[in-house]
Amino acid sequence: MAAPPLMLDAETRAGLWRQLVSAIETYATKLETSRVTPPLDPGEVRAMLSRFDFSTPVEASEALGFLVEGLWKFQTHTPHPRYYGLFNPAPTTMGIAGDALVAAFNPQLAAWSHSPLAIEIEQHLLRAFGARFGYDPAHTDGTFASGGMEANHTAALTALVETFPEFSCRGLRALAAQPVLYVSAEAHHSLLKAARLCGLGTDAVHEIPVAPNLRMNPEALASRIAQDRAQGFAPFLVAATAGSTSAGAIDPLPAIADVAAREKLWLHVDAAWGGAAALVPELRPLLDGIERADSITFDAHKWLSVPMGAGIYLTRHPDILDRTFRTAVTYMPREAAELDVVNPFQHSIQWSRRAIGLKVFLSLAVAGWEGYAAAIRHMVAMGALLREQLEASGWQVLNETPLPLCCFVDVRHAEGRSAAYLHAVAMKVVGSGNAWISTTRLANSVPVLRACITNYRTSPDDIAALIGALEDARRQLR
Ligand SMILES: Cc1ncc(COP(=O)(O)O)c(C=O)c1O
């Protein structure tokens, strides 16, 4: 009997797997010799795609070859050691294997009975990461998520349910006052989106000024809360950041935790990137106070370098996810009803869901805590080297952070602090194909160039190449 067209015959499959493995291995070993950035021409991409009208099937090897070639050509290569970008990782080898296995076995993570191993692996990991942050494993709960956005959204929802129990059934209209939450001016904008998704609207997000070191000012937080209460608002959540996106700033967690405790507000810490410092003993003190957070966002697809998407939401309130997400439903599997287990669909935003934790499990099992600590240490060392070499070549680094992220301006150019000049420098570097960097504004105000070490393979030669690309850009703009 001929194999159905959706399952290719054994011989074709064998050839396809060989082609696939060879493409993955070539990408892993040859990437650093290629450009980092693609041409940005939508017409060219669409022209390449136009041959597919799907009326005439193509051979499996041809289709796969088309994608491999296309991805090489039309992608900003975030796994490249000279991608100095937005926390996007070079994926771990074990993470790639884990994701491939998940695609093939396709475990369904809605109900425990369908994926006992995958779900228990995720629970095991949540407790292990919670312990690193100082949570008691016996009282740690959480969920894997698509990324930091979903984890922060989960934080806002759980804080609403905890503070206003009537919110679950009757929604915001049941509340007597407008709930408001607090973030620093450096916080990630996913919290604004989360406010929208919760029905609060972005005006409910009250931005607290930062000190010159870009950390939230706890006194300003306390006085804004008092002012808001006096005006009839209902404060419910403080979302601190441990490793801000623009500048790697870590809010003063102990002082913020004191304010949150005094004011009886849910404390969330967005440690999407910086949370990995918890894996390195000498960096762990940077996160002191995080153990007092009611919930934490921590993305494994950032500094733990697993393939996207792998967000994590952790909490020390074991029943809050159930109270936020449980619904009565008749058609879902019930085999696990008598067991003391988690049914993820009752416990998180998603319903049917991919097994996110397996790539994290394989990566951590093979590297161990020590392997991760060594990789993170290396990236921190590369960050220090970058800072040193920037300063030595006439760039001034404006942000203070122990994390490997430099925000800088050009002190050798008359326009070296202007947004237009800095943007032009970034575009020259990106256009050269030698590296990817970007621009941002510190505390949404001061323009800077931004370069972050996100890749465990970035070496001193790569740092030298970035310095060279910056020098070329500066020369061309003279
Ligand atoms: C501090 C912080 N929080 C949240 C997010 C959102 O995470 P994701 O892109 O995984 O949804 C990011 C993304 O860079 C981030 O830097």
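Which residue forms a salt bridge with E122, and how far apart are the closest N and O atoms? The partner is R353, and the closest N and O atoms are 2.7 Å apart. Before going further, a word on the source: this is a predicted model, in which local features need pLDDT of at least 70 and side-chain atom pairs count only at pLDDT 80 or more, while totals for chains, interfaces and linings use all residues. Residues are numbered from 1 along each chain as its sequence is written, and side-chain values use heavy atoms, with hydrogens and water left out.

**Salt bridges**

The structure holds 22 salt bridges, each being a side-chain nitrogen of Lys or Arg within 4 Å of a carboxyl oxygen of Asp or Glu. Three of them are set out here.

| Pair | Closest N to O distance |
|---|---|
| R353 and E122 | 2.7 Å |
| R229 and E263 | 3.1 Å |
| R474 and E471 | 2.8 Å |

R353 sits in the loop between helix 11 (320-325) and helix 12 (357-392), and E122 belongs to helix 5 (residues 116-132), so this pair ties together parts that are 231 residues apart in sequence. Helices (H or I, at least four residues) and strands (E, at least two) are DSSP runs, numbered from the N terminus. Both R353 and E122 are buried, a word that stands for under 20% relative accessible area, with exposed meaning over 50% and partly exposed the range in between (1.4 Å probe, protein chains only).

The bridge between R474 and E471 is a local one: both residues lie in helix 14 (residues 460-476), 3 residues apart, about one turn of the helix. R474 is buried at a relative accessible area of 1%, whereas E471 counts as partly exposed at 23%. Salt bridges that share partners also join D99, R354 and K359 into one network.

R229 and E263 meet through their side chains. This pair links distant parts of the chain, with R229 in helix 9 (residues 218-230) and E263 in helix 10, 34 residues apart. R229 is partly exposed, at 37% relative accessibility. Helix 10 (residues 253-263) is also the place of A260, which is buried with a relative accessible area of 3%. Leaving aside residues up to four places away in sequence, A260 touches V238, L265 and L267, where contact means heavy atoms within 4.5 Å.

**The sheet and strand 6**

Now to the strands. An open sheet of 7 strands runs in the order 1-7-6-5-4-2-3, with mixed pairing; two strands pair if DSSP finds at least two bridges between them. Strand 1 (141-145) and strand 3 (205-208) are the edge strands, each pairing on one side only.

Strand 6 (residues 295-299) has 5 of its 5 residues buried. S295, T297 and D299 point one way from this strand, and I296 and F298 the other way. In a regular strand the side chains alternate between the two faces of the sheet. Strand 6 pairs with strand 5 (residues 266-270) in the parallel sense over 3 bridges, and with strand 7 (residues 311-315) in the antiparallel sense over 5 bridges. Looking at single residues, S295 is the bridge partner of H268 and stands opposite T315 in strand 7, while I296 is the bridge partner of V269.
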